Amino acid sequence: MTNEHETAPEPEHEAAHETAQGERPSLVSTMTLVADVEGWMSPGQGATLYDAATTCPDGGLIVEIGSFRGRSTIVLATAADPSVRIVAIDPHAGNDRGPQEIEGFSDEAADDHAVFTANLTRAGVRDRVDHIREFSDAALDLVDGEPDVLYIDGAHRYGPALADIRSWGDRVGDGGTMLIHDSFSSIGVTLAILRSLLFGTRFRYVGRSRSMAIYRADLAGDPAARTRNAGRQLAQLPWFVKNVVLKVLISLKLVKGEWPY
Ligand SMILES: C[S@@+](CC[C@H](N)C(=O)[O-])C[C@H]1O[C@@H](n2cnc3c(N)ncnc32)[C@H](O)[C@@H]1O
């Protein structure tokens, strides 16, 4: 798994996949599949998802919370071995849809569902993905097994984000990977991370691709390892503050720029 920060040169990352993967679709061809799929996943974050999916053990389980129109789902389903089960959980209900879209988007949500299905079909992975059209808490009883890879990108408010990290994170198998989008960017997600993972006893902070944080369920039990783990996460807080300031300035129309994700 790549410990890729936003400064990492993505072309090198792509080139490595071009030479390293035999029959598996390359990262470049995988990202080409989602070039026109709307969503909030940068190329570097796509590479991080690709890495997570390719390292998922044969016969394993990948669970995604928050699929929107399928941009990240398609990467996971394309990169994973055919023996890996892919579960995508999204109610397509019109709430917590995207940046500054907390509620009132039911018309758009109906489109999201249709476009999600069409995008997966076009990418050739519709049959590879079990879509559970439920909120993530309701889906807990609908999915059997321990995810080897869990990708959290659903509701970004503090309460639901904390519930996802705790209830779904608890189900990740030992040594498994948990990826969280909008980490150290969204206030709700970041507070949920600080509450549940900063001094947690199980997940080791590996790194991030922009706001996509990578955690691995292999944190050593000694106090020194836990202290280092907390320190590495605290070191992301200046970047978090920068993102919050930028979002305020963009919201007030004082600066023009890309919404940080
Ligand atoms: C930021 S988008 C996901 C983007 C997607 N991962 C991508 O790469 O394009 C958030 C999605 O989470 C979904 N969502 C909102 N609340 C949810 C919940 N409680 N459980 C699961 N999904 C949720 C929304 O319907 C929306 O499609």
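I began with the ligand at Ser-136, where a backbone N or O atom of this residue lies 3.0 Å from a nitrogen atom of the ligand, a polar contact in the sense of a pair of N or O atoms within 3.5 Å. I note that this is a predicted model, in which local features need pLDDT of at least 70 and side-chain atom pairs count only at pLDDT 80 or more, while totals for chains, interfaces and linings use all residues. Residues are numbered from 1 along each chain as its sequence is written, and side-chain values use heavy atoms, with hydrogens and water left out.

I then looked up the burial of the ligand: taken alone it exposes 600 Å², and the protein buries 97% of that (accessible areas by the Shrake-Rupley method with a 1.4 Å probe).

Two further contacts went into the notebook. The side chain of Ser-72 has an N or O atom 2.8 Å from a nitrogen atom of the ligand, and at Phe-68 a backbone N or O atom lies 3.3 Å from an oxygen atom of the ligand.

Next I listed the shell, counting a residue as near if one of its heavy atoms lies within 4 Å of the ligand. There are 20 residues around the ligand, and Gly-66, Ser-72, Asp-90, Ser-136 and Asp-153 come nearest. By class I found eight nonpolar, seven polar and five charged residues in this shell, where Ala, Val, Leu, Ile, Met, Phe, Trp, Tyr, Cys and Pro count as nonpolar, Asp, Glu, Lys and Arg as charged, and the others, Gly among them, as polar.

I asked where the ligand sits, and found it in the largest pocket (more than half of its atoms must lie within 2 Å of the grid points). For pockets and cavities I used a 1 Å grid over the protein atoms alone: a cavity is a set of points where a 1.4 Å probe fits but cannot get out, a pocket is an open set with protein on both sides within 12 Å along at least five of seven lines, and lining residues have an atom within 4 Å of a point.

The largest pocket has a volume of about 970 Å³, taken as the space filled by probe spheres set on the points. Of its 49 lining residues, Asp-96, Gly-98, Gly-154, Ala-155 and His-156 are the closest to its centre. The helix that gives the most to this lining is α7, with four residues.

Last, I checked for enclosed space and found one cavity of 30 Å³ or more. The largest cavity has a volume of about 40 Å³, and its lining includes Asp-153, Gly-154, Ala-155 and His-156.

Notes:
Polar contact = N/O pair within 3.5 Å; in protein donor to acceptor, adjacent residues only side chain to side chain. Helix = DSSP H or I, 4+ residues; strand = E, 2+ residues; numbered from the N terminus.
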